[in-house]
Amino acid sequence: VDTLASQQVVLQAVVRAASCGTGQDLRFRWTFTSPKSARIVAVSQTSGPSLILDAFSLNASQEYVFKLTVSYPDSPQDQAFALVRVNVLRDNLSVRILGGDRLIGSEDETKLQAIVSRDPTEDIELVFRWQCKPYPCFTGVDKVLNSDEATLELPSNTLAPGRYHFVVSVSMGASNGEDGVVLYVLPGKCTMVQLIGPTRVPNPASAAIVLATTSANASEPAGALSWTLDSNPLPIGPQSIGPAHSVAFQLPSSRLGPVTNHRLRLVMSSQNHLSFSEMQLSVGGTPHGGSLHVSPTSGYTLDTRFALGADSWVDDPENLPLSFCFH
């Protein structure tokens with residue numbers, strides 16, 4: 001069985017007792033073997049014919065061998081067992097640059113900060129590599145971009161007015177990921193606005209809470225805010241913001257709809273400047289990939305004992321553990 005470290009693992013055994021059995025309930029015992037460094041972090045269920053391992057319970061790039069032993073309580077010497085190998089693959093890194101595309105002034109100090117979502121069981125150093133297009137973007141570009149840090153600092157007057165595309169590539173062993181932003185640079189200074197928030201909403205029933213922040217510029221009055229989602233105006237949310245302030249905005253689930261990707265854009269306009277920030281927002285779906293089975297498939301009313309099983313259902317790690325209701 002191949003799986004990702006970010007997925008819940010469900011191992012389901014089907015047991016058929018011999019016709020000469022004693023009629024007692026069976027005893028189940030799960031064990032596993034793996035390299036010494038590969039431990040199991042969290043187990044939701046270990047009794048019965050099912051073994052449920054929470055997301056990130058298994059270490060990436062490791063192979064586990066699980067063994068299920070079944071016996072009768074009064075005759076443990078009469079037992080049967082089955083083995084299954086679980087190969088845990090490494091997830092790609094999820095990388096994003098806070099604030100997304102934005103409008104800035106050439107005299108403003110700018111910071112680009114990359115954040116990475118990774119397997120918490122991994123203890124491997126992250127390597128960051130920044131690029132700028134068109135190359136060379138500014139004087140001394142190689143010295144600035146050579147910094148192997150999650151944050152790229154651009155001092156004032158680094159970028160001349162124009163359009164620049166910055167990309168960060170992040171690697172961790174064999175895993176990698178990247179993200180990019182576009183900076184539109186105007187002459188002088190301006191009060192910049194920046195969107196901060198989740199790039200993914202776990203499911204269509206969830207709301208997204210987004211934070212809008214502005215840089216400090218005492219000479220600027222409060223700016224008017226306008227919000228759009230996929231180029232459609234949003235008549236909700238904060239309508240104004242002052243310099244060096246932050247406002248929170250809750251984007252209700254009714255605006256997001258089913259599984260899809262959205263682009264949220266915030267424009268701040270004042271007497272002297274116009275600034276904007278954008279972010280991608282994706283919405284997760286419902287649990288998928290599983291099945292429902294019943295054993296046996298036929299029987300007699302009030303006499304046959306049926307067992308229902310729901311196997312291999314997966315979802316985003318934010319939605320785990322899953323809950324099941326049979327009716």
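F66 is buried, because its relative accessibility is 2% and the cut-off for buried is under 20%. F32 has 36% relative accessibility and so counts as partly exposed. The model is predicted.

The structure holds 4 aromatic pairs. F32 and F66 make up one of them, with a tilted geometry. Their ring centres lie 5.9 Å apart, and the planes meet at 35°. The pair links distant parts of the chain. F32 sits in strand 3 (residues 27-33), F66 in strand 6 (residues 62-72), and 34 residues separate them. F32 and F66 also belong to one aromatic cluster with Y64.

Y184 and F276 form another tilted pair. Y184 lies in strand 14 (residues 175-186). F276 lies in strand 23 (residues 274-283). The two residues are 92 apart in sequence, so the pair ties those parts together. Accessibility splits this pair: Y184 is partly exposed at 29%, whereas F276 is buried at 9%.

The two tilted pairs are set out here.

| Pair | Centre to centre | Angle between planes |
|---|---|---|
| F32 and F66 | 5.9 Å | 35° |
| Y184 and F276 | 5.6 Å | 50° |

Charged side chains also sit over rings. Which residue lies over the face of F276? R265 does, at 4.0 Å from the ring centre. F276 thus has a ring partner in Y184 and a charge over its face from R265. K67 lies over the face of F81, at 4.6 Å from the ring centre.

Definitions and conventions
Residues numbered from 1 in each chain as written. Predicted model: local features only at pLDDT ≥ 70, side-chain atom pairs only at ≥ 80, totals over all residues. Heavy atoms only, no water. Phe/Tyr/Trp six-rings, centres within 6.5 Å; stacked < 30°, edge-to-face > 60°. Helix = DSSP H or I, 4+ residues; strand = E, 2+ residues; numbered from the N terminus. Buried < 20%, exposed > 50% of the residue type's maximum accessible area, 1.4 Å probe, protein only. Lys NZ or Arg CZ within 6 Å of the ring centre and 35° of its normal.
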